[in-house]
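Biologist: I would like a close look at a single part of this model, the strands around its main nonpolar core. Please take me through that part slowly, as you would for someone in a first year of study.

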Amino acid sequence: VPNYVYKMPSPSTSGGALPMVPFNPFNKGEVITCDVVRQSLKNNETFLRLSDGCGWILVHQMNQIPIVDGNWTLVVMNSVGVAMRRLPIDRQDCKTSTLFNPEEMVRCDKKIKSTQGTTFYRVAGKEGWVFDNRGDHVMMRVYATSARGSTLSNNDDEEGGWSIEFVRGMAAAFELKEIMINEGSRVISFQTDANE
């Protein structure tokens, strides 16, 4: 969570031109994600590469907050959908062109809670984030969750397998009735109202 940052195209302050790239600065308390940390030996400066690849930041003061690994399925509750963000920040300049429509299910693999109380979820298989609320307005809600290695997740969870709760949730979304489950093989049978 940055208190004071500059954004630049490379991890260097040579030339003294800060900031080097026009940018809407991060606001105090916003969450950013970085994938590389580089320490300058000459000036004892810390540089972080933004995980969306749009540049580096020079950090003067930073607090770390944990990112939690897991599997979450969220459903879009907002009436106009939710646009994916490049970073876990709910701002217009962080939006991507990916839009999740109302009632669409979104599978996520990481979560991080901002200091303002919004929880951001990284969309599985993509370099982008969605979020659960904007103030008091619910944007998305958790539909199903399964921790890695839990008894609720499939043995091939790392390969993207679905938990029993997720399958049941999807069946409920299509108004299917569960008629049988084989705990050993983890096979669940469903039928429609027309007995199909």
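Modeller: Before turning to that part, please keep in mind that this is a predicted model, and that every value below is computed from it. In contacts between residues at least 6 apart in sequence, 53% join residues at least 24 apart. The chain has 196 residues, of which 37% count as buried, and its secondary structure consists of 15 strands and one helix. Its accessible surface comes to about 11400 Å², with 50% of that belonging to carbon and sulfur atoms.

Let us now go to the core itself. The largest nonpolar core holds 18 residues, and those that touch the most other members are V82, F100, V106, C108, V130 and M140. Two or more residues of this core come from each of the elements β5 (68-76), β6 (82-85), β8 (105-113), β9 (119-123) and β10 (129-131). Another core lies apart from this one and has seven residues, including L48, I57, L87 and I89.

A good residue to start from is C108, which is buried because its relative accessible area is 0%, below the 20% cut-off for that word. If we set aside its neighbours within four places in sequence, C108 is in contact with G70, N71, W72, L74, Y121, R122, V123, A124 and V130. C94 is a cysteine that also counts as buried, since its relative accessible area is 2%. A disulfide is a covalent bond between the sulfur atoms of two cysteines. A search of the whole structure for such bonds finds zero disulfides.

The pairing of the strands gives a second way to follow this part. Strand β8 pairs with β5 in the antiparallel sense, over six bridges, and within that pairing L74 has V106 in β8 as its bridge partner. Strand β8 also pairs with β9, again in the antiparallel sense, but here over five bridges. In this second pairing, K113 stands opposite T119 in β9. The strands β8 and β9 form a hairpin that has five residues between them, and in the turn G117 has a positive phi of about 100°.

T119 deserves a moment of its own, as it lies in strand β9 and is buried, because its relative accessible area of 8% is under the 20% cut-off. Not counting residues up to four places away in sequence, T119 touches K111, I112 and K113, and also V130, F131 and D132.

Just before strand β8 there is a backbone detail to notice at E103, which is placed in the loop between β7 (95-100) and β8. Most residues other than glycine have a negative phi. E103, however, has a positive phi of about 70° although it is not a glycine. E103 is exposed, because its relative accessible area is 66% and the cut-off for that word is over 50%.

The aromatic rings are the next feature to examine. A pair of aromatic rings is described by the distance of the centres and the angle of the planes. A search of the whole structure finds two aromatic pairs. W72 and Y121 form an edge-to-face pair, with 5.8 Å from centre to centre and 65° between the planes. This pair links distant parts of the chain, for W72 is in strand β5 and Y121 is in strand β9, 49 residues apart. Both W72 and Y121 are buried. F120 and F131 form an aromatic pair that is tilted, with 5.9 Å from centre to centre and 50° between the planes. F120 lies in strand β9 and F131 in strand β10, so this pair ties together parts that are 11 residues apart in sequence. F120 is buried, and F131 is buried as well.

As a last step, consider I181, a residue found in strand β14 (residues 177-182). I181 counts as partly exposed, because its relative accessibility is 26%, which falls between the cut-offs of 20% and 50%. Leaving out residues up to four places away in sequence, I181 touches I164, R168, V187 and I188. The C-alpha atoms of I181 and I164 are 9.8 Å apart in space, while the two residues are 17 apart in sequence.

Note on methods:
Residues numbered from 1 in each chain as written. Predicted model: local features only at pLDDT ≥ 70, side-chain atom pairs only at ≥ 80, totals over all residues. Heavy atoms only, no water. Helix = DSSP H or I, 4+ residues; strand = E, 2+ residues; numbered from the N terminus. Buried < 20%, exposed > 50% of the residue type's maximum accessible area, 1.4 Å probe, protein only. Contact = heavy atoms within 4.5 Å. Areas by Shrake-Rupley, 256 points an atom, 1.4 Å probe, with all protein chains shown as cover. Disulfide = S-S within 2.5 Å. Core = buried A, V, L, I, M, F, W, Y, C linked by side-chain atoms within 4.5 Å. Phe/Tyr/Trp six-rings, centres within 6.5 Å; stacked < 30°, edge-to-face > 60°. Pairing = 2+ DSSP bridges.
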